[in-house]
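Q: Please take a close look at the enclosed spaces inside this protein, and tell me what surrounds them.

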Amino acid sequence: MSQQTLGAYLDEDRAFPPPTAFVASARVRKPQVYRDAMADPVSYWESWAKQLDWFEAWHTALRWNLPDAQWFVGGKLNACHNCVDRHVAAGLGEKTAFLAEGENGDVRSIPYRQVQDEVSKLANVLKSLGVTKGDRVCVYLPMVAELPFAMLACARIGAIHSVVFGGFSAEALRERIEDAGAKVLLTADGGWRRGGVTPLKAIADEALSIGCPTISKVLVLERVGAPGSTVQAANGTKLVPTYEAGAWREGRDVSWKEAVASASTDCPCEPMDSEDTLYILYTSGSTGKPKGIVHSIGGYLTQTYATYQWVFDHQPEDVFWCTADCGWVTGHSYVVYGPMANAATQVIYEGTPDTPDKDRFWRIIERHGVTVLYTAPTAIRTFMKWGEEYPRRCDLSSLRLLGSVGEPINPEAWVWYHEVIGGGRCPIVDTWWQTETGAIMISPLPGITTTKPGSATQPFPGISCAVMLEGGEDVTPIQGALGYMQCARGETAPARGEERGGILAIRQPWPGMLRGIWGDPARFRDVYWSKFPDAYFPGDGVKVDGDGYFWLLGRVDDVMLVSGHNISTMEVESALVDHQGVAEAAVIGRADAIKGQAIAAFVILKAGTPMADGLPAELKAHVAQKIGPIAKPDDIHFCADLPKTRSGKIMRRLLRDVAEGRALGDTTTLADPAVVASLKERYEHLEG
Ligand code: 6R9
């Protein structure tokens, strides 16, 4: 990153200290926690682990033999017991665990006592289907309460869950089932989505017809009702007459409703080794087939428990809403394991934010009195594009804290989120982490940290992050006994304007770290442990400013090299979105004979912005003014939508392919493949 672009990006110098009213009742108020953790990280993590219930204590807190870490070795526990049974035993049985809202408008309030019963019955059903400890169970369900139940039922009996997002295709499902060697598949007749039905059972049938020899039983949840009947898909929307439900296969397919009805609620939690596998979750790499990320029990539960409690400032009366689906890691760690280990009350919602209208999220917040909202920048930018009228329709005064995850949040979206959704009174926690890290790694602590829009601020206590150069030289500007928080500007930190940029690395093992890639130890070493000799490589670029704040810059492969200057795609996107007419932007570097790479920008305009002739020039000038002439896009393409993965990440590789006229490649993870085709057409038209 050149000093010129570095400085410009960091011109974002707005700072938001924690509001006094928030600090007054915040869980963590003293920066001392950073010093304590840094003084002895292993004992610090032990103190968190001790807050969980263990059937047997561990004898060794950490065994570290790079790249293999084991935490709380010798300890025995059960994740489901910690998320459910211990709360019921402590008298919290009547506390609401879930406020589960279907897209069709049905709402269920489910107390912890009922979760315990439902999960126990389901666990007994799994046993009756032949599932035993260590078996893999594939879960392909809509975002209804039965999805967390399914995960917890597996954990209860020591089976390994592999959740596949309900938006994935038959081919993607087949690939994941086969890689994990799953024995049983849990699915539903369908799920409500955008006013219609996603025919999950039919897709699962297709996956099973093209492979998946290890699957012996399919448990089918009755979610949308009998095919051929007429059902209302969402309040105020049309009636959906019928859908493809898939054929029933006797001997293989089992009715969820019937099986659970006759199952016993008596199912003791299996004592598991701390290092036994809790789950596998597939994540796409930049190349090759998806990687089955493996997480174990003791360390993962400890870190999700700790980070949920401190980052989201857990208060017993909170109503927490993480909008992620359990098909993604965010749903694993911040719908199921972190919040439930803390006995939190949560909203879960099945459908899309624009069904029946674009105010659905705000209606949900108002209806359930949501106090803490955790969502993604891509959603926030979509809401910005739709306009303020939708949130303005609802009373959002119950909100007290906001979170962001999934990609860097541009300051523009941050400030909109803060003002329009948070009414200017809610701190924002921008949380950096990955499927592989299992839990939050870099984030503000909302009662302590002064936030800056666009920065995830500082590593969570007990997490050690470093900044490395390409060659492996450690240039972390701030280290030492006092910790990141305590470093006064100008002491060991770089002076303003001398911010250090490089590649993020994690030097010490952390409890929630991945234990490997399912069935592929060589790839595990190669992807994460070969870039630096003795540190984990997450693949993200980072800058640290004069206050020791981390600014995550996106994937390192999202960095462009233009005339010898490093420019982050995200930096240019941020500048474009800063223009009043722009709703969203995706930037890629395309091959250029003279400059190495030229900058191509794909831009979505805000509703109501006129497509004036001079607009491309105006946008280029705007970027030049924000970052410098070097970052000025060469091409600007206006489009109606961007190609995104189903988790909402822009598929830059695909945009690069489109911009350079190559074959489209694998689009199985694309939310809407038609988007790419239309982009390509448009691009070719402009090229000609
Ligand atoms: C939790 C999750 C991981 C990648 C990660 C990074 C990006 C996530 C971010 C962020 C900047 C944040 N990322 N949170 N970048 N600021 N707050 O999203 O996991 O789907 O595995 O993605 O997402 O690039 O490396 P996952």
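A: A cavity here is a set of grid points, laid over the protein atoms alone, where a 1.4 Å probe fits but cannot get out. In this predicted model, a search of the whole structure finds three such cavities of 30 Å³ or more.

The largest cavity holds about 50 Å³ of space, and its lining is made up of Ala100, Glu101, Gly102, Asp106, Arg108, Met143, Val144, Ala145 and Arg223. Sorted by class, that lining comprises four nonpolar residues, one polar residue and four charged residues.

The second largest cavity, with about 40 Å³ of space, is lined by Asn78, Ala79, Cys154, Ala155, Gly158, Ala159, Met272, Thr277, Leu278 and Ile297. The lining of this second largest cavity has seven nonpolar and three polar residues, and no charged residues. Helix α7 (146-157) and strand β16 (277-283) each supply at least two residues of this lining.

Strand β16 also leads to the wider fold, for it belongs to an open sheet of eight strands with mixed pairing, in the order β14-β11-β8-β6-β7-β16-β17-β25. The edge strands of that sheet are β14 (253-255) and β25 (516-517), each of which pairs on one side only. Helix α9 (residues 200-209) packs on the sheet, where it touches β6 (136-140), β8 (184-188), β11 (217-221) and β14, and the direction of α9 makes about 150° with that of β8. Strand β17 (residues 291-296) pairs with β25 in the antiparallel sense over two bridges, and isoleucine 293 stands opposite isoleucine 517 in β25.

How values were computed. Residues numbered from 1 in each chain as written. Predicted model: local features only at pLDDT ≥ 70, side-chain atom pairs only at ≥ 80, totals over all residues. Heavy atoms only, no water. Pairing = 2+ DSSP bridges. Helix = DSSP H or I, 4+ residues; strand = E, 2+ residues; numbered from the N terminus. Contact = heavy atoms within 4.5 Å. Axes fitted to C-alpha atoms, helices over the stretch in contact; angles between N-to-C directions. 1 Å grid on protein atoms, 1.4 Å probe; cavity = no way out; pocket = protein on both sides within 12 Å on 5 of 7 lines; lining within 4 Å. Points joined across faces, edges and corners; volume = space filled by probe spheres on them. Nonpolar A, V, L, I, M, F, W, Y, C, P; charged D, E, K, R; others polar.
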